[in-house]
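Trainee: I would like to learn how to read the pockets of a model. Where should I start?

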Amino acid sequence: LAKHRTNEAARIRSVWFCGILSLSIIGVALFYFLDDLIVAALLSESFATASEYFYTIGIAMAIYNTIAIYNGVLLAHGDGRSVLIGNVVAAVLTVVMLFSLVPVYGLHGAVWSIGVGYLLQFAILLAILLRLINRKANN
């Protein structure tokens, strides 16, 4: 019974991951190809210059959505402390990058700071999850 639950949990995680990844790819593609249309339909013309950042924001949000999966898996395994540490470390480094890059590069620096912060958070949580899997496999 425990083996069945483990296989079912792995299948559910895979479905979630593939679903989030697919939706994220579609979202990034829409941001990339339809940025001018999005501005014209949903925003005013004063946002036209910001449309060049939509693609980078889309990638950052795709990474953030993937982070949500790993957060959920780690929390379900009772590893909330690791989630907190990963989130705090990534947030502090994002704030440091924001203070460093925004004065020099403006909005472009802010977008890249947040994107790199999400990527860092993803890497930290993935490392924690892999450590957890190795620990459970060895027991």
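Trainee: How many residues line the largest pocket, and which lie nearest its centre?
Mentor: Rolling a probe the size of a water molecule over the atoms shows where empty space is left. The largest pocket (an open set of points on a 1 Å grid over the protein atoms alone, where a 1.4 Å probe fits, with protein on both sides within 12 Å along at least five of seven lines) has 14 lining residues (an atom within 4 Å of a point), and R13, V73, H77, L129 and I133 lie nearest its centre. This is a predicted model: local features need pLDDT of at least 70 and side-chain atom pairs 80 or more, while totals for chains, interfaces and linings use all residues. Residues are numbered from 1 along each chain, and side-chain values use heavy atoms, without hydrogens or water.

Trainee: Which helices supply at least two residues each to that lining?
Mentor: Helices α1 (2-33), α3 and α5 do (helices are DSSP runs of H or I, at least four residues, numbered from the N terminus).

Trainee: Which residues line the second largest pocket?
Mentor: Its lining is A9, I12, R13, W16, A68, I69, G72, V73, A76 and H77. Helix α3 gives the largest share, 5 residues.

Trainee: How do α3 and α5 cross?
Mentor: The axes (lines fitted to C-alpha atoms over the stretch in contact, with angles from 0 to 180 degrees between N-to-C directions) of α3 (residues 54-76) and α5 (residues 107-138) come within 9 Å and cross at roughly 25 degrees. So α3 is roughly parallel to α5 (an angle under 35 degrees). Residues in contact (heavy atoms within 4.5 Å) include V73 of α3 and L129 of α5.

How values were computed: Parallel < 35°, antiparallel > 145°, perpendicular 65-115°, else oblique.
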